[in-house]
Amino acid sequence: MRKILFIGMTSNHGGIETFMINVFKKLNNIYLFDFIQDNDDDLFYANEITNSGGNIFKVNVGTSYISHITRYKKACKFFKEHNDYDAVHLNAVSLNTIFWL
């Protein structure tokens with residue numbers, strides 16, 4: 001089964017979160033989905049994700065006040081430990097999270 005990593009969900013109940021959880025619900029029987037929680041706040045759909053077999057990884061990359069190089073290094077560390085993804089889906093409203101790609 002192919003593995004997809006979703007990045008971009010927050011603790012808010014907004015359009016990005018709704019889109020990502022709908023994709024997860026529709027394709028969860030075809031793909032394995034993991035999610036990145038990149039701050040201290042739990043994802044809005046955390047219970048639904050974990051109850052349906054999805055994994056949530058807490059990777060605290062810090063706020064935008066931390067240098068982009070430091071955030072990039074934290075993302076690289078994550079991918080060195082978890083390098084078995086077939087695809088990464090980044091859904092964000094700004095380029096501030098481009099370091100994930």
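**View 1. Phe 6 faces His 89 across two strands of this predicted model.** Start with the pair itself: His 89, in S4, is what Phe 6 stands opposite. Zoom out a little and you find S1, residues 3–7, running parallel to S4. The two are joined by 4 bridges.

**View 2. Four strands make up an open sheet.** Read across, the order goes S3-S2-S1-S4, and the pairing is parallel. S3 (55–58) and S4 (87–90) take the edges; each has a single partner strand, so one side of each has no neighbour in the sheet. Going from one strand to the next, the twist averages 25°.

**View 3. The largest nonpolar core brings together 13 residues.** Met 9, Phe 35 and Ile 49 are the ones that touch the most other members. At least two residues of this core come from each of S1, helix H1 (15–27), strand S2 (32–37) and helix H2 (46–51). H1 gives the largest share, with 4 residues.

**View 4. Here are the contacts of Ile 49, setting aside neighbours within four places in sequence.** Met 9 and Phe 35 are in contact with Ile 49, and those two also belong with Ile 49 to the trio touching the most other members of the largest core. Ile 21, Phe 24 and Leu 43 are on the contact list as well. So are Gly 54, Asn 55 and Ile 56.

**View 5. Another nonpolar core lies apart from the largest one.** This one has 10 residues, including Leu 5, Ile 7, Phe 78 and Tyr 85.

Note on methods: Residues numbered from 1 in each chain as written. Predicted model: local features only at pLDDT ≥ 70, side-chain atom pairs only at ≥ 80, totals over all residues. Heavy atoms only, no water. Pairing = 2+ DSSP bridges. Axes fitted to C-alpha atoms, helices over the stretch in contact; angles between N-to-C directions. Core = buried A, V, L, I, M, F, W, Y, C linked by side-chain atoms within 4.5 Å. Buried < 20%, exposed > 50% of the residue type's maximum accessible area, 1.4 Å probe, protein only. Contact = heavy atoms within 4.5 Å.
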